[in-house]
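Here's a quick walk through one chain, from the overall fold down to a few residues worth a look. Have the structure open alongside as you read.

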Amino acid sequence: MNPLKDRDRELAPLERKFNHFIFSFEQFFKSQATASITLLLAAMAAMFIANSQWHEIYQDISHMAFSISLGDFAISYSLHTWVNDGLMVLFFFLLGLEIKYECLVGDLKDFRDSSLVIAMAVGGMLIPACIYAGIAMTGTDVAMRGWGIPMATDTAFALGILALLGSKAPRSAAVTLSALAIVDDMGAVAVIGLFYTENIHLVSLGYAGLTLLGLMLMNLLGFRRPIFYMLGGILLWWFVLQSGVHATAAGILAALAVPTRPYAQSSWFSRNMRSVLNRFEKNDRDDKSILEQQEQHELVEQAQDIAAMTTTPIQRWGHVLNRPVSLMILPIFAFINAGVALPSELDKIFESVVFVAVGSGLVLGKVIGISLFAWFAVKCNFARLPKGLNFHHIIALASLAGVGFTMSLFIASLGFANYPQLLAQAKLGILAGSVIAAIIGTGLFLLVKKEEEEPKEQLHNKAGLPQTDPE
């Protein structure tokens, strides 16, 4: 008898249970629901601390100076600035990768397939901005600076709610909302670049352009190692920051230069992976673990290298960044930006033009704009509804699109950077409007009857939502 095999047989049931638990946890960890819950907890923590006896500590943390120095060279900004102008660049870089992927091979590749979400996104940006402007006109001229706040949709929160709804929401709803959010984010990025940039320094902007050309040249020459693009991206970020254009634009620009071609073709992958697998099986011994067989360990690492050379950088880097951005950077951003003190008399907040304008734009503007433009596009045979969706679902999706948390907070911090009182009112409007939109959207999905859907293998489940028939 072999004692090692006997031990393995005894541990096998326990190991299978443990592995099942780990797999289930990893699936939950990767889901959009986790990202939205983490984001929500961070925002709630910020609101709690900002309205507690520790509110001064919260302000001190936000304005705490953080410096990086090398000899005589030093960079010093507040933690708030490092998060909004530094860490958020990675969020915009990931967003740029998603936009590039969708435009090349995704749902936005074919205009005939993407015409519905384009129409919905246009309506979801124009009408909220118009509603905000109409209400803000009754206030001061400064209040008009926030017209871009209700245009945005928070992808993590909206898709997270769909994930929690499970089978109550059609699978095609996730695809439609994902594409809608991508187009919506493209519009938000354009608004930030065109309307929330004030003083331009042409010399720094020129250096940024040369750096971007260098990144694109590396792509054309076949460079695929991330270190080159990381160094170039940091240099691009610095020049964009000095140019007066908001630094997060560097993330979008750097994403445009990321390669979409792998080192090797699929035939090369199959041939080399088969060779590695054969050598692995020949060296496999039941009485020894991989810890005791260095050659097998080297073969596993070789297989990882082969896989990395066959996948594209745009997919691989996006996959690597997805969880850190969703579960670390965005919650930090939410914690630093969402904390706002509630007024002593809550009913007085409704007298604030900015609060009412932001809340109305998110709750009413998104529903009216997205639903109306979708209806018009379908009636004019400009677009068609995806299989499994009806207009009731479109209205429910439009309500969820009113959750504008992350990008809305970002635009508010730009528009009212020098007006803390208006910024506080805008934040309260974002929080209130997003909560109301989430409640309405969730309620509508629970009430709407599902239509017959396409087979799930025909749907590209980008949002990581649980299937109706769980595995």
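## Overall make-up

This is a predicted model, and its chain has 17 helices and two strands. Of the 471 residues, 46% count as buried. The chain exposes about 24,900 Å², with carbon and sulfur atoms supplying 64% of that area.

As for how the chain folds back on itself, take the contacts between residues at least 6 apart in sequence: 81% of them join residues at least 24 apart.

## Helix H8, one face in and one face out

Helix H8 covers residues 202-221. Its 20 residues, at 1.5 Å each, should span 28 Å, and the C-alpha atoms at its ends are indeed 28 Å apart, so expectation and model agree.

Which residues of H8 are buried? They are Ser 204, Ala 208, Thr 211, Leu 212, Leu 215, Met 218 and Asn 219. Looking down the helix axis, these buried residues fall within an arc of 115°, so they line one face of H8. Their packing partners are helix H9 (226-243) and helix H10 (249-256). Now flip to the face turned away from the buried side: there you'll find the exposed residues Leu 202, Val 203, Leu 210, Leu 213, Leu 220 and Leu 221. Right after H8 comes Gly 222, with a positive phi near 95°.

## Aromatic pairs

A search of the whole structure turns up 17 aromatic pairs. One of them is Trp 147 with Phe 195: the ring centres sit 5.2 Å apart and the planes meet at 80°, which is over the 60 degrees needed, so this pair is edge-to-face. Trp 147 belongs to the loop between helix H5 (111-136) and helix H6 (155-165), while Phe 195 is in helix H7 (residues 171-195), so the pair ties together parts that are 48 residues apart in sequence. Trp 147 is partly exposed at 25% relative accessible area, whereas Phe 195 is exposed at 53%.

Trp 237 and Trp 238 make another aromatic pair, this one tilted, with 6.4 Å from centre to centre and 50° between the planes. Trp 237 has 13% relative accessibility and counts as buried; Trp 238, at 24%, is partly exposed. Both tryptophans belong to one aromatic cluster, together with Phe 66, Phe 73, Tyr 77 and Trp 82.

## Cysteines

How many disulfides does a search of the whole structure find? The count is zero. A disulfide, remember, is a covalent bond between the sulfur atoms of two cysteines.

Two cysteines to click on are Cys 103 and Cys 130. Cys 103 counts as partly exposed, with 36% relative accessibility. Cys 130 is exposed, its relative accessible area being 51%.

## An unusual backbone angle

Most residues other than glycine have a negative phi. Asn 381 has a positive phi, near 55°. Where does Asn 381 lie? Look in the loop between helix H14 (353-379) and helix H15 (391-400). Asn 381 is exposed there, with a relative accessible area of 72%, and the cut-off for that label is over 50%.

Technical notes. Residues numbered from 1 in each chain as written. Predicted model: local features only at pLDDT ≥ 70, side-chain atom pairs only at ≥ 80, totals over all residues. Heavy atoms only, no water. Phe/Tyr/Trp six-rings, centres within 6.5 Å; stacked < 30°, edge-to-face > 60°. Helix = DSSP H or I, 4+ residues; strand = E, 2+ residues; numbered from the N terminus. Buried < 20%, exposed > 50% of the residue type's maximum accessible area, 1.4 Å probe, protein only. Expected span 1.5 Å × (residues − 1). Arc of directions from axis to C-beta. Contact = heavy atoms within 4.5 Å. Areas by Shrake-Rupley, 256 points an atom, 1.4 Å probe, with all protein chains shown as cover. Disulfide = S-S within 2.5 Å.
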